[in-house]
Amino acid sequence: MVQIMMKGWTNKMDITKMMKVLITTAENEMVVLAATEPGIYTAEKMQVTLKTGMTETESDLKGVDSCCWCVADAVCEAGFNDENGLILRPELQDAQYMGIHRHCEFWCKPVFGEKLSELPNNVQAVLMRSGEKYLYIMPLCGSDCKTDIRGCAEGGMEFVMFTNCSGYYEYKKQPAFIWAVGDDPLALAECCARAAVKLLNNGLKLRGERRLPDVFKYIGWCSWDALQIFVSEDGLAEKADEFKAKNVPIHYAIIDDMWAEIPGYNEVPRDIAFGPMMGIMHQSKMYDFRGDPRRFPNGMEGAVDALKKRGIKHVGVWFPTTGYWAGLVPEGPLAEQQRENLVQIENGNWIVAPEKSKAYAFFHELGTRVRSWGADFVKIDNQGMHKKYKGITAIGKSARAITAATEGIAGAFFDSAMINCMGMPSECMFNRTNSAVSRCSCDFIPESAEWFHKNILECAFNGVLQGRFYYNDWDMWWTDDGQALKNSVCRAISGGPVYVSDKIGRTNPEVLQPLMLDDGRLLLCDDSAVPAKDCLLEDPAENGKIFKVINRVGDGAMAAVFNLDAENKAVCGTLTAKELGLEGECFVVYEYFTGECRKITGEECVEIQLADNAVCRLYTVIPCGKDFTIIGRIDKFISHAAIVSQALDVTTLMEGGKLGIVSEKPIRVFTENGEAAVERDGILNTVVIARNETAVKIVVE
């Protein structure tokens, strides 16, 4: 039997003895079930069994005391309510918390508080602290039921299990939630993610088990913010010509929303305001899955070819799971062809049917067409749309059917190269098998400091949950935006793909240089970026402290530091090697923007002050070497990622450039073409290596 004590969170008490269980019937009658013995709750014509257990392999992670799971079996002869079927109320004391809140059907953001009753609806994970211990709770989505967390008016919080479909009389072996206790909150999140993979047993993988397709290892561009609904072959070609003229090595382009044939779109005024434009978009239906004849006179294959002839090696095509935002035109050629694979939903729209064979047939047709155009990958949007199947089938079933189909065609046609978008709900997150990339924020809004603050919080905190399973995509951005520098730092540390959406004529190549090598290859961190431990439970807009986003790279780590104060006041804080997960006695700390370099011990603090919102810092922290320490390409943000290998006295680089080396004593540096000039400033030595020279030998005098 699982043992856990909620007060102080130690191994003392069986959680099933501290749980209140309720059923809401299809007639909206709420019935409170009383415990007759541990784990089994009954009433007339109703029964719930909560099975709990401890995961053995996950609980041995450093910083984790225990990791447990809960599965529900339930029967209600009156049928469960489709939105509030089974409710579980644990006796949890209030504590400081951070919740990952699904604030709409598609996206998540952090919420902070101290009273669990104030948690909003649709929370997908909660992290709490009591003293030195943390409790992390992650609800799940199974084969039928989905579980969310919300505050309870009677006090505390509750789990809500539901199917999105009336008529279900039995929940059988439905995973409810996983929770873990320990002193390392980020280890708890990793622990619960590992446990979810085993408990769900549906092909779900951790981030480290997924392969990032090569295309996403390079810099890209997306048409959306540049061309919006007026995307055309001419516009795409003009932007590709600009990249070529400016020598910007864009490796891939995404032909985004509104390339397809949509009735009435060509009559939309080109000067339409953004809000009304979005309104028209989301009410529109697709006539046919082909390029609009007026804007793509040579078809989609012509547009793809035009981009590739201009040096863009790979092209991706966007489309949503629903065909288009409001589905398909019922009398259109695609709907006629796919009629048996469609379903009419509550609002009258026609979209793909939530059955595996029908969904696969539908998406196979779309994938076949995209591939025939010469495209190399897809961006599939509007994935968190499963509430549209209300009353048709259980949310777990629809999620598994649609996700299996999109994963299937991505694997069959594009080597699993797919950007998952608007797909942060747990029913999407827990059902993908092979695709590696998933968006983790609302849409980019140009020229908005307010949006930047929102975006960095969403993306960093979503790294705690979604980032355990996927390469998080922090969304597109502009290189000439007022937040461009900070956006570039965020993308550098994100550990995910990087692509811009500059308007025609407005790309600033200099902003991109620190992110990539000369051929456009990105210098990536090794994980999905997350907030530092001391930033997890407080809102940086209000606490007067720096906000730190951290990641790993090789044997070292990175920390991007921002001022997110709501009143643009100065903030301060500290950084240590230990909080970055590094162990040892001596570390080199290098800051990109100031060039400051120093050595610290494992417990020693680096004091940081940021005067206002415009200032940011980027720290590389790596263990000290015996005689010298190579920071890497210090002309790049993720400098240490430019090192391929270090063997004895020879270091191999991905590409030559400005190399930073720390040594107490003077050094000499040799390449295959002879000795290179070294500049010394304190313990920091810099040397410029020719681009084609990648083998470097360092000698300490």
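Me: What makes up the lining of the largest pocket, by residue class?
Reply: In this predicted model, the lining divides into 13 nonpolar, nine polar and 15 charged residues. Asp, Glu, Lys and Arg count as charged, so Asp184, one of the residues nearest the pocket centre, falls in the charged class.

Me: Why is Gly581 counted as polar, and where does Gly581 lie in the largest pocket?
Reply: Gly is placed among the polar residues by the class rule, so Gly581 is polar here. Gly581 lies nearest the centre of the largest pocket together with Asp184, Leu186, Ala187 and Leu580, out of 37 lining residues.

Me: How do you know which elements contribute to that lining?
Reply: Those giving two or more residues are helix 1 (185-200), helix 10 (449-465), strand 27 (547-553) and strand 28 (556-562). Helix 1 gives the most, five residues.

Me: What volume goes with the largest pocket, and what volume with the second largest?
Reply: The largest pocket holds about 1200 Å³ of space. For the second largest, the volume is about 650 Å³.

Me: What makes a residue part of the lining of the second largest pocket, and which lie closest to its centre?
Reply: A lining residue has an atom within 4 Å of a pocket point. The second largest pocket has 31 lining residues, with Trp224, Phe274, Met278, Asp443 and Phe444 closest to its centre.

Me: Which helix supplies the largest share of that second lining?
Reply: Helix 4 does, with four residues. Helix 2 (224-227), strand 21 (377-381) and helix 10 are among the elements supplying at least two. By class, this lining has 17 nonpolar, three polar and eleven charged residues.

Notes: Residues are numbered from 1 along each chain as its sequence is written. This is a predicted model: local features need pLDDT of at least 70, side-chain atom pairs count only at pLDDT 80 or more; totals for chains, interfaces and linings use all residues. Side-chain values use heavy atoms; hydrogens and water are left out. On a 1 Å grid over the protein atoms alone, a cavity is a set of points where a 1.4 Å probe fits but cannot get out, and a pocket is an open set with protein on both sides within 12 Å along at least five of seven lines; lining residues have an atom within 4 Å of a point. Grid points are joined across faces, edges and corners, and a volume is the space filled by probe spheres set on the points.
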